[in-house]
Amino acid sequence: MAMSETRARYKRSVLGPFWLTLGAAIGVAGLGVVWSSLLHVPVREFVPSLAVGLLLWQLISSTIVESCITFIRQAQIIRNVRLPLLVHPFQLVTRQLITFAHNLVVLVIVFAIFPQQSLHLLPLSLLGMALLVVNLLWMSTVLAMLGARFRDIEQIVTAVMPLIFFLTPVLYRTTHFAATQVVVWLNPFTYLISVVRDPLMGAVPAVSVYVGAASITIVGVIFAMALFSSRRNRIPYWI
């Protein structure tokens, strides 16, 4: 279903989903030059970190924003076809992962230009990616339910995400601003990005980072399961 929707969205397009890849490449190139100068970090060190952070943020942000209207958009299917309701947020996350896979072309090019001696830590990065996906699944489920019940959720989330972007170490690393580290680590996305990006940059995340990411995952999954179990019968009426 996710693959079919991806094909339908980019039907008759020359580059298809690679238009998003092109946009990501331009963003990495432009922001890499500007922010490396502002932070006084060598381009060779900054651009690979920025590329990973920016691609992960695009995955997170697009999933969260679109999840608010997931059940609303699938209202006709929900009313007329007997499918598990979790299919729809899971389909959303899968489609975003397909787009993310296309964007990995940018990461391959960046790592080819600026080689990193961190392939031995790739399993840790894949583990972090698994944690991120699980968190996106429960977040999209919760936001899909809230968006179906309260139609203003989409506008609120859309307005808040740019603020969260600057509180998340995407353009920078947590070590760049020692004075604001407390604020940065209060952001759950900091943990989810760190467990994926740090191993690719040749650094093993601290135990506290894994504990934080695991805690967010466990608490989030339990909360999402409890909410969905108690309110799933109301979703067809809300939409």
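Contact means heavy atoms within 4.5 Å. The exercises below concern a predicted model.

**Exercise 1. Determine which residues Met129 touches, and place Met129 in the nonpolar core.**

Solution.
- Step 1. Residues up to four places away in sequence are set aside; Met129 then touches Leu56, Leu59, Leu97, Phe100 and Val196.
- Step 2. The largest nonpolar core has 54 residues, and Met129 is among those with the most contacts inside it, together with Leu56, Ile60, Ile64 and Leu132.
- Step 3. At least two residues of this core come from each of α2 (18–38), α3, α6 (87–113), α7 (122–149), α8, α10 and α11 (207–231).
- Step 4. Helix α3 gives the largest share of this core, 12 residues.
- Step 5. Another core, of 10 residues, lies apart from it and includes Leu85, Ala144, Met145 and Ile235.

In general, nonpolar side chains tend to be buried together in soluble globular proteins.

**Exercise 2. Classify the ring pair of Trp57 and Phe165, and locate its partners in the chain.**

Solution.
- Step 1. By the pairing rule, the model holds 4 aromatic pairs.
- Step 2. For Trp57 and Phe165 the ring centres are 5.7 Å apart and the planes stand at 55°, so the pair is tilted. The cut-offs behind this step are 6.5 Å for the centres, and under 30 degrees for stacked or over 60 for edge-to-face planes.
- Step 3. Trp57 belongs to helix α3 (residues 43–67) and Phe165 to helix α8 (residues 153–167); the pair links distant parts of the chain, 108 residues apart.
- Step 4. Trp57 and Phe165 are both buried.
- Step 5. One aromatic cluster is formed by Trp57, Phe165, Phe166 and Phe189.

**Exercise 3. Describe the surroundings of Phe189 and the helix that holds it.**

Solution.
- Step 1. Phe189 lies in helix α10 and is buried, at a relative accessible area of 8%.
- Step 2. Not counting residues up to four places away in sequence, Phe189 touches Trp57, Ile60, Ile64, Met139, Ile164 and Thr168.
- Step 3. Ile216 is 27 residues from Phe189 in sequence, with a C-alpha to C-alpha distance of 9.6 Å.
- Step 4. The N-terminal end of α10 is capped by Asn187, with a side-chain oxygen 3.0 Å from the backbone nitrogen of Phe189.
- Step 5. Helix α10 (residues 188–200) has a kink of about 35° centred on Ser194.
- Step 6. Of the 13 residues of α10, 12 are buried, including Ser194.
- Step 7. After α10 comes Gly202, with a positive phi near 90°.

**Exercise 4. Decide where the buried residues of α1 lie around the helix, and identify their packing partners.**

Solution.
- Step 1. Ala2, Glu5 and Thr6 are buried in helix α1 (residues 2–9).
- Step 2. Viewed down the axis of α1, its buried residues fall within an arc of 100°, so they line one face of the helix. An α-helix has 3.6 residues a turn, so residues three or four places apart point the same way.
- Step 3. The face of α1 turned away from the buried side carries Arg7 and Ala8, which are exposed.
- Step 4. The packing partners of the buried residues of α1 are α4 (70–73) and α6.

**Exercise 5. State whether His88 is buried or exposed, and list its contacts.**

Solution.
- Step 1. His88 is found in helix α6.
- Step 2. Its relative accessible area is 3%; because buried means under 20%, His88 is buried.
- Step 3. With neighbours within four places in sequence left aside, His88 is in contact with Thr70, Phe71, Gln74, Ile77 and Ile78.

Methods: Residues are numbered from 1 along each chain as its sequence is written. This is a predicted model: local features need pLDDT of at least 70, side-chain atom pairs count only at pLDDT 80 or more; totals for chains, interfaces and linings use all residues. Side-chain values use heavy atoms; hydrogens and water are left out. The bend at a residue is the angle between axes fitted to the seven residues ending there and the seven starting there. Helices (H or I, at least four residues) and strands (E, at least two) are DSSP runs, numbered from the N terminus. Buried means under 20% relative accessible area, exposed over 50%, partly exposed in between (1.4 Å probe, protein chains only). A polar contact is a pair of N or O atoms within 3.5 Å; within protein, one must be able to donate a hydrogen and the other to accept it, and residues adjacent in sequence count only if both atoms are side-chain atoms. Rings of Phe, Tyr and Trp (its six-membered ring) pair if their centres lie within 6.5 Å; planes under 30 degrees apart count as stacked, over 60 as edge-to-face and the rest as tilted. A nonpolar core is a set of buried Ala, Val, Leu, Ile, Met, Phe, Trp, Tyr and Cys residues joined through side-chain atoms within 4.5 Å. The arc is that of the directions from the helix axis to the C-beta atoms.
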